[in-house]
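Here is my note on the model, point by point. Please read it with the structure open.

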2 protein chains.
Amino acid sequence: MTTIRDVAEYAQVSVATVSRVLNKKGYVQSATKEKVEKAINDLDYKPNDVARSLFKGKSKMIALLVPDITNPFFPELARAVEDLCNQNSYTFILCNTDNSYEKEATYLNSLQQKSIDGMIIVSDTISPDYIGKIKVPIVLLDRVFEKGDYSYVKVNNREGACNATNYLKEIGCKKIAHIAGPSSVLNAKDRMKGYIDAVAYESWFSNDLIITSDYDMKLQASTENIKALLQKHPDVDGIFAANDSIAIRTMKVAEEMKIKIPDDLSIIGFDGISLGEITSPSLTTMAQPIYEMGRKAASMIMDEINDPSLPKRMEKLEVNFMKRQSTRKKG
Amino acid sequence: MTTIRDVAEYAQVSVATVSRVLNKKGYVQSATKEKVEKAINDLDYKPNDVARSLFKGKSKMIALLVPDITNPFFPELARAVEDLCNQNSYTFILCNTDNSYEKEATYLNSLQQKSIDGMIIVSDTISPDYIGKIKVPIVLLDRVFEKGDYSYVKVNNREGACNATNYLKEIGCKKIAHIAGPSSVLNAKDRMKGYIDAVAYESWFSNDLIITSDYDMKLQASTENIKALLQKHPDVDGIFAANDSIAIRTMKVAEEMKIKIPDDLSIIGFDGISLGEITSPSLTTMAQPIYEMGRKAASMIMDEINDPSLPKRMEKLEVNFMKRQSTRKKG
DNA sequence: TAGATTCGTGTAACCCGTTACATATATCCT
DNA sequence: AGGATATATGTAACGGGTTACACGAATCTA
């Protein structure tokens, strides 16, 4: 490995001068500059970022912690963050936490030991206290705590859920069920509230129109619950699913039960993952601006890195209704 | 930040002794060890990995370069690599190259400047010459060059494709088309060869039963080609698609054309992405052991990092036939 | 018991950029 | 002309672990 000292020697100048040329900082005579640039070229010198990081205490690295990248919501988010990292010369680190407290704690420690510059965290398990101890800039994404002073990016889950449910009412659904996400997931609660906002005063509403499912598409455990719901309430003609994965699984179950979508049953999801476009029928959904959320979080982190005294920012983005084939107006 | 010198002072020993305790290396009296451990605890000392990396020239970081994490093939791969990184205390870096030569070159440079320990690369654009210049251990994944001495992990694309096509013949398909991947993608060529292996001597075979499409599911450009194929050859009753994304898109097109799957047309894909399970009908496919491929690549990289003198390893894994609903036996 | 080993610990150089500070010359201002 | 300022470059300390080497004490060997 060629070092800055090799370059200095080759160019017959001091290391300080080479450093000045490299960083375009301080005074360097143009003739000297050329000598140094020639040396850099001749020796194919690339500065060692680790040494740089050690001195600066910054690593030009940003980490994204998600529960599981194979969950179809996260690749687009990761892509957004990575794009911004790449554009701003940051290196992008990805961590799968499986919503495990231990894994999160391990990651948080090892990332700090690597002088990570900032972290974007999607987590239901992490506690505000724990986050408070971390000196590195943090932006919470999608799932946030109620209290505490943290930067975050999220969407208006409750209103979005309410609107989604109202849409089913508008197209003439007479009995609307809700398949909620796990109670441990923060945004799932808000979405359930939004559903209740929309149906609480309907004469047909009863609590057993709400069942709970897992957010993960692969787990087939809750398929039975969905089936039971549809059997118990054969007159349900609209379902608001807490996310697209659940909605897609529900479509599968309905199909097996010979329930026609959207003719017999309208289904609306939440998230706007690209999967929803390729199912048959394609999925009507309340889409989160996933890429934009990732972009914004990354951009906020970088702002905070550049100026740690910046006040925390809370960004609430709007969901977008996407009409597709899994819902249809009655009559 | 507490440093090793703070710990040394607090424990009344030298930094060397603290380092020995930390790394469990060299002689330390048990009483001294306890003193040091107490100091580490009292001061909540965490060693600085950057300083460590600088001295060692190793960073305990591994990078995965993929074209695009939002392509559904890659999240599972990334997850596998990340899992192994996590288990072995490596930090996982993810890079989206978009198959752009410039982006790849930029990543390769900046990763080396960060003393990355190893890279796993999925790329069609990268050249063997370029790779040859890199001193860091590299494992190529899924797409590999014909010549040169590189470690890689791939599947038997050609045989798998041939078997997939033969399966269509076995269930009674009388005319089988192939929707190939872009010619720039290395594995797409092999899969096309496999298809040809299976059909070259069939009386019905003609070159215009092969069309080319994009691997990416989102691009709708090639939808027209698929439609044209099905219109031109209404007697095609079997399609082998070069990957699952194409197969799923083909199912969509067929559905729009009122062609029933699998009754009128059997479709088989390649890859085994989890998406294929949730479509209606679900997709019969030649599944690659995606997680296993990622695992193996990660494990090979770590072996090479631990012993750079190790010979290159070429791993060819087997694809697995997954019978689902998009194919059906005739008659 | 002398000499060789093993054990235990410390000093200081090293990894490689960055930059504060020192020094020196050139340019500017009154 | 003489002090202030801008320009140009070098020296050496620094960031925080790691480890080669040195030294002393304890244990072993013959």
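**Notes on the DNA contacts and the chain interface**

1. Start at the backbone of A:Asn48: one of its polar atoms lies 3.3 Å from a phosphate oxygen of DNA strand C. Bear in mind that this is a predicted model. Two side chains of chain B also approach phosphate oxygens of this strand. For B:Tyr27, the distance from a polar side-chain atom is 2.2 Å. For B:Thr32, an N or O atom of the side chain lies 2.4 Å away.

2. Which elements give two or more residues to the surface near DNA strand C? In chain A they are helix H1 (4-11), helix H2 (15-23) and helix H4 (49-56). In chain B they are helix H2 (15-23) and helix H4 (49-56).

3. In total, 27 residues surround DNA strand C. A:Ile4, A:Arg52, B:Tyr27, B:Gln29 and B:Thr32 are the closest. By type, the surface has 13 nonpolar, 9 polar and 5 charged residues. On the DNA side, sugar or phosphate supplies 59% of the strand C atoms within 4 Å of the protein, and bases supply the rest.

4. Now DNA strand D. It has 30 residues around it, and A:Arg20, A:Tyr27, A:Thr32, B:Ile4 and B:Arg52 come nearest. Of the strand D atoms that come within 4 Å of the protein, 54% belong to sugar and phosphate.

5. Three phosphate contacts on strand D deserve a look. The side chain of A:Tyr27 places an N or O atom 2.5 Å from a phosphate oxygen. A polar side-chain atom of B:Lys25 is 3.2 Å from one. B:Asn48 uses a polar backbone atom, at 3.4 Å.

6. The elements giving two or more residues to the surface near strand D are H2 and H4 of chain A, with helix H1 (4-11), H2 and H4 of chain B. H4(B) gives the largest share, 5 residues. The surface divides into 15 nonpolar, 10 polar and 5 charged residues.

7. Turn to the protein interface. Here 46 residues of chain A contact 46 residues of chain B. About 4100 Å² is buried between the chains, with carbon and sulfur atoms giving 56%. In chain A, the residues that lose the most area to chain B are A:Arg79, A:Gln113 and A:Lys114, together 16% of what that side buries.

8. How many salt bridges cross this interface? The rule finds 6. One joins the side chains of A:Arg79 and B:Asp98, at 2.8 Å from N to O. There are also 22 residue pairs in polar contact, both partners at pLDDT 80 or more.

9. On the chain A side of the interface, the elements giving two or more residues include H4, helix H5 (74-87), strand E2 (91-96) and helix H6 (101-113). This side divides into 17 nonpolar, 15 polar and 14 charged residues.

Conventions. Residues are numbered from 1 along each chain as its sequence is written. Chains are lettered from A and ligands numbered from 1 in the order in which they are written. This is a predicted model: local features need pLDDT of at least 70, side-chain atom pairs count only at pLDDT 80 or more; totals for chains, interfaces and linings use all residues. Side-chain values use heavy atoms; hydrogens and water are left out. A residue is near a molecule or strand if one of its heavy atoms lies within 4 Å of it. A polar contact is a pair of N or O atoms within 3.5 Å; within protein, one must be able to donate a hydrogen and the other to accept it, and residues adjacent in sequence count only if both atoms are side-chain atoms. Helices (H or I, at least four residues) and strands (E, at least two) are DSSP runs, numbered from the N terminus. Ala, Val, Leu, Ile, Met, Phe, Trp, Tyr, Cys and Pro count as nonpolar, Asp, Glu, Lys and Arg as charged, and the others, Gly among them, as polar. Contact means heavy atoms within 4.5 Å. Buried area is the accessible area (1.4 Å probe) that two parts lose on being put together, summed over both. A salt bridge is a side-chain nitrogen of Lys or Arg within 4 Å of a carboxyl oxygen of Asp or Glu.
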